[in-house]
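Trainee: I have a new model open and would like to walk through it with you. Could you take my questions as they come?
Mentor: Gladly; let us begin by looking at it together.

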Amino acid sequence: MPHTDDPLPRWACTNCGFWQPYFATPPDCPVCTDYRHPLPRAGWDFVSEGEAAGRFETTWREVLPDVWTFETAPALGIGPLGWILRTEHGNVSWEGAGWTSDAALDQVEALGGVRFLSGSHAHVFGSWWRVAERFEPEVVVQSAALPFAQALAVSWPFGAEAELAPGLRLLWTGGHTAGHSVLHWEARRLVFCGDAFKFRLDADGRATHVSTHKAYDAHIPLSHDDARAYRALFAGLDFDGVVTPWEAVPTGGKAAVLSLLDAQLAGRPSADWHEIPGGPLPAPPRL
Ligand SMILES: [Zn+2]
Ligand SMILES: [Zn+2]
């Protein structure tokens, strides 16, 4: 349930896309002032909910069976996608599009609404609060990410993991950010990995390279300890597909990310691209 019937106005930073509640135009953006993101060169530019509704549109499509994406045009900030997973335990809203229009919310309703809402970390939370306010789901957030979740009413903070339902778990990874988490959907053998990994796709949508970072823009690698923790966690999960905030790699993803992490641990960790052994991985099917 909302904190109050009269929530504070929400504002989006057009440099990164992070939304925050504030009583007036915010003085700064906590994501952009963090070392991982570049500051806007020309100063702050925030948009209100009403301005965003007039400036941005949202489109949607099914990218894997029962996995829908919502995308904002033009991009708001870094332009993450919002994801709806139609699971056997109810729908999960994961990450958030920069702006989620009323029409997009109607589409989410047509897909069955939302039972659980979560996201990997603040860089890709987008306008998840719009989805939370419409459907009033369980809002499940890793404890260290709570300072970045003030735009919504968190009902379920968690530490190492949160089992939403059998075979549907949120797992804390740390590494990229202190509260970074991933979602494991065991029945579909998928991991929604947030910014733990990034894939490079060829012109046909096939993944050719994979990388991992402490900071993407600043090109800072993980530490050895981060890479070791990722390796232990991902090696212990049963999955084949990997879904980032931007791209879906339906098969071969586990082998690719373990190969990357083995390379990170074999020497000094690197933020450079790692070529996926065995050649490009198949693109998602056309649905
Ligand atoms: Zn920002
Ligand atoms: Zn990130």
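Trainee: What geometry does the site of the zinc ion (ligand 1) have?
Mentor: Bearing in mind that this is a predicted model, the site of the zinc ion (ligand 1) is tetrahedral, with angles of 101 to 119° among its 4 donor atoms.

Trainee: And which residues coordinate the zinc ion (ligand 1)?
Mentor: The coordination comes from the SG atoms of Cys13, Cys16, Cys29 and Cys32, at 2.3 to 2.4 Å. Along the sequence, these donor residues of the zinc ion (ligand 1) follow the spacing C-x2-C-x12-C-x2-C. Cys16 sits in the loop between strand 1 (10–13) and strand 2 (19–21), while Cys32 sits in the loop between strand 2 and strand 3 (46–48), so the pair ties together parts that are 16 residues apart in sequence.

Trainee: Are Cys16 and Cys32 buried or exposed?
Mentor: Cys16 counts as buried, at 2% relative accessibility, and Cys32 is buried as well, with a relative accessible area of 1%.

Trainee: OK, on to the zinc ion (ligand 2): what are its protein donors?
Mentor: They are His121 through NE2, His123 through ND1, His176 through NE2 and Asp195 through OD, lying 2.0 to 2.1 Å from the zinc ion (ligand 2). The spacing of these donors along the chain is H-x1-H-x52-H-x18-D.

Trainee: Why is the arrangement around the zinc ion (ligand 2) called irregular?
Mentor: The 4 donor atoms around the zinc ion (ligand 2) subtend angles of 91 to 147°, and that range makes the arrangement irregular. The cut-off behind this is that four donors count as tetrahedral if all angles lie between 85 and 135 degrees. As for the donors themselves, His121 counts as buried at 1% relative accessibility, and His123 counts as buried at 10%.

Trainee: Switching to annotation, where does UniProt place the Metallo-beta-lactamase domain?
Mentor: The UniProt record, which is an unreviewed entry, places the feature "domain: Metallo-beta-lactamase" at residues 151–232. In the model, the end C-alpha atoms of residues 151–232 lie 33 Å apart, and the span is 11% helix and 37% strand.

Trainee: How many aromatic pairs does a search of the whole structure find?
Mentor: The search finds 12 aromatic pairs. One of them joins Trp83 and Phe192, whose ring centres are 6.2 Å apart and whose planes stand at 70°, so the pair is edge-to-face. This pair links distant parts of the chain, since Trp83 belongs to strand 6 (residues 82–87) and Phe192 to strand 14 (residues 190–192), 109 residues apart. Both Trp83 and Phe192 are buried.

Trainee: What about Tyr230 and Phe234, what kind of aromatic pair do they form?
Mentor: Tyr230 and Phe234 form an edge-to-face pair, with 5.9 Å centre to centre and 85° between the planes. Tyr230 and Phe234 are 4 residues apart in helix 4 (residues 224–235), and are therefore separated by about one helical turn. Tyr230 is buried, with a relative accessible area of 1%, and Phe234 counts as buried at 0% relative accessibility. Together with Phe197 and Phe239, Tyr230 and Phe234 form one aromatic cluster.

Trainee: Now some polar residues: what does the side chain of Gln142 reach?
Mentor: The side chain of Gln142 reaches the backbone nitrogen of Ala144, at 2.7 Å. Gln142 is found in strand 9 (residues 138–142) and counts as buried at 7% relative accessibility. Not counting residues up to four places away in sequence, Gln142 touches Phe158, Gly159, Trp172, Gly179 and Ser181.

Trainee: And where does Ser101 lie?
Mentor: Ser101 lies in the loop between strand 7 (90–94) and helix 2 (102–110), and is buried, with a relative accessible area of 13%. The side chain of Ser101 reaches the backbone nitrogen of Ala104 at 3.0 Å, and, with residues up to four places away in sequence not counted, Ser101 touches Thr58 and Arg130.

Trainee: Last one, which residues is Thr69 in contact with?
Mentor: Leaving aside neighbours within four places in sequence, Thr69 is in contact with Thr59, Trp60, Arg61, Val63, Leu81, Gly82 and Trp83. Trp83 is also a member of the edge-to-face pair with Phe192. Thr69 has its place in strand 5 (residues 67–73) and counts as buried at 5% relative accessibility.

Notes: Residues are numbered from 1 along each chain as its sequence is written. Chains are lettered from A and ligands numbered from 1 in the order in which they are written. This is a predicted model: local features need pLDDT of at least 70, side-chain atom pairs count only at pLDDT 80 or more; totals for chains, interfaces and linings use all residues. Side-chain values use heavy atoms; hydrogens and water are left out. Donors are N, O and S atoms within 2.8 Å of the metal (3.2 Å for Na, K and Ca); water is not among the atoms, so sites may look incomplete. Four donors count as tetrahedral if all angles lie between 85 and 135 degrees; four count as square planar and six as octahedral if opposite donors are over 155 degrees apart and all others between 65 and 115; anything else is irregular. Helices (H or I, at least four residues) and strands (E, at least two) are DSSP runs, numbered from the N terminus. Buried means under 20% relative accessible area, exposed over 50%, partly exposed in between (1.4 Å probe, protein chains only). UniProt positions are given in the numbering used here, feature names are shortened, and annotations may be inferred rather than shown by experiment. Rings of Phe, Tyr and Trp (its six-membered ring) pair if their centres lie within 6.5 Å; planes under 30 degrees apart count as stacked, over 60 as edge-to-face and the rest as tilted. Contact means heavy atoms within 4.5 Å. A polar contact is a pair of N or O atoms within 3.5 Å; within protein, one must be able to donate a hydrogen and the other to accept it, and residues adjacent in sequence count only if both atoms are side-chain atoms.
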